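The following exercises concern one protein chain, and each is followed by a worked solution. Please examine the sequence and the structure before reading on.

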Amino acid sequence: MTKLLGSLAFAAMSVALTPTSGLAQEYPFQASITVAFAAAPNTGKVGFCGGPTGPDTYVVEAHGVGTSTLGFLSMTLQKTLYAVGLMQGCVTLTAVNGDKLYANYVGTEGAPDSFNFQSGTGTLTFTGGTGHFRGASGKVSFTGTFSGVETGSYLFEGIVSFHN
């Protein structure tokens, strides 16, 4: 019995003395970001972050800015997609101090409406970061609206964790 109590006491002290830097800190993440983008047929068969490379795909690069629960962020996105359906790519979110959050982007896009707007939904999966965002992980849902004049807006909501 004494050995069992000693083992339990040791285990409790080990947990209590674990440095907080080894534990993930979760934060709610919400953001609104507006982008300008350029799209072109995917003649080079590029698949950003595992995106589609088929004959009816497009490549898109977008840049924008917005606000979030982590402060002001700029966004760079490279994705490949079908005109309607799967879209997949890589996202970098950059804070004003230069710290970066990296994520994979997967979603679906609907057909254009009568005003030539398309909407999409999907998920960002955080894969790391730099500075204060080092060790980032988590998933964030997004909705997006994209216009025929190459502008778009995104709303993000979810949880991000940092393992500093």
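## Exercise 1. Order of the elements

From the N terminus on, the elements of this predicted model run α-β-β-β-β-β-β-β-β. Determine how many helices and strands the chain has, and state how the strands are arranged.

**Solution.** Step 1: the chain holds 1 helix and 8 strands. Step 2: the 8 strands close into a barrel, in the order 1-2-3-4-5-6-7-8, with antiparallel pairing. Step 3: from one strand to the next, the twist averages 25 degrees.

## Exercise 2. Pairing within the barrel

Describe how strand 1 (residues 25-41) is joined to strand 2 (residues 57-68), and how strand 1 pairs with strand 8 (residues 151-162).

**Solution.** Step 1: strand 1 and strand 2 run antiparallel and are joined by 11 bridges. Ser32 has Thr67 of strand 2 as its bridge partner. Step 2: strand 1 also pairs with strand 8, again in the antiparallel sense, over 12 bridges. Here Tyr27 stands opposite Val160 of strand 8.

Continue with strand 2 and strand 3 (residues 71-82): how many bridges pair them, and how many residues lie between them in the hairpin?

**Solution.** Step 1: the pairing of strand 2 with strand 3 is antiparallel and extends over 12 bridges. Step 2: within it, Ala62 has Leu77 in strand 3 as its bridge partner. Step 3: the two strands form a hairpin, with 2 residues between them.

## Exercise 3. The disulfide

Identify the cysteines that form a disulfide, and locate each of them in the chain.

**Solution.** Step 1: the cut-off for a disulfide is a pair of cysteine sulfur atoms within 2.5 Å. Cys49 and Cys90 satisfy it, since their sulfur atoms are 1.6 Å apart. Step 2: the count under this rule is 1 disulfide. Step 3: Cys49 lies in the loop between strand 1 and strand 2, whereas Cys90 lies in strand 4 (residues 85-95); the pair, 41 residues apart, links distant parts of the chain. Step 4: the link of Cys49 and Cys90 is right-handed, with 110 degrees about the S-S bond.

Are the two cysteines buried or exposed, or in between?

**Solution.** Partly exposed covers the range between the buried limit of 20% and the exposed limit of 50% relative accessible area. Cys49 is partly exposed because its relative accessible area is 33%. Cys90, at 23%, is therefore partly exposed as well.

## Exercise 4. Backbone angles in two loops

State the sign of phi for Asn116 and for Glu150, and give the location of Asn116 and of Glu150.

**Solution.** Step 1: the background is that most residues other than glycine have a negative phi. Step 2: Asn116, which is not a glycine, has a positive phi near 70 degrees. Asn116 sits in the loop between strand 5 (100-109) and strand 6 (117-129), and its relative accessibility of 42% makes it partly exposed. Step 3: Glu150 likewise is not a glycine and has a positive phi, of about 60 degrees. Glu150 belongs to the loop between strand 7 (137-147) and strand 8, and at 34% relative accessibility Glu150 is partly exposed.

## Exercise 5. Surroundings of one proline

Classify Pro28 as buried or exposed, and list its contacts beyond four places in sequence.

**Solution.** Step 1: Pro28 is a residue of strand 1. Step 2: its relative accessibility is 55%, so Pro28 counts as exposed. Step 3: apart from neighbours within four places in sequence, Pro28 contacts Thr69, Gly158 and Ile159. Step 4: Pro28 and Thr69 are 41 residues apart along the chain, and 7.3 Å separates their C-alpha atoms.

## Exercise 6. Whole-chain quantities and confidence

Report the buried share of the chain, its accessible surface and its average pLDDT.

**Solution.** Step 1: of the 164 residues, 34% are buried. Step 2: the accessible surface is about 9,000 Å², and carbon and sulfur atoms account for 63% of it. Step 3: among contacts between residues at least 6 apart in sequence, 53% join residues at least 24 apart. Step 4: the average pLDDT is 88, and 86% of the residues score at least 70. Step 5: over residues 8-21, pLDDT stays under 50, and the model has 2 contacts beyond four places in sequence for this stretch.

Key
Residues numbered from 1 in each chain as written. Predicted model: local features only at pLDDT ≥ 70, side-chain atom pairs only at ≥ 80, totals over all residues. Heavy atoms only, no water. Pairing = 2+ DSSP bridges. Helix = DSSP H or I, 4+ residues; strand = E, 2+ residues; numbered from the N terminus. Buried < 20%, exposed > 50% of the residue type's maximum accessible area, 1.4 Å probe, protein only. Contact = heavy atoms within 4.5 Å. Areas by Shrake-Rupley, 256 points an atom, 1.4 Å probe, with all protein chains shown as cover. Axes fitted to C-alpha atoms, helices over the stretch in contact; angles between N-to-C directions. pLDDT = per-residue confidence, 0-100.
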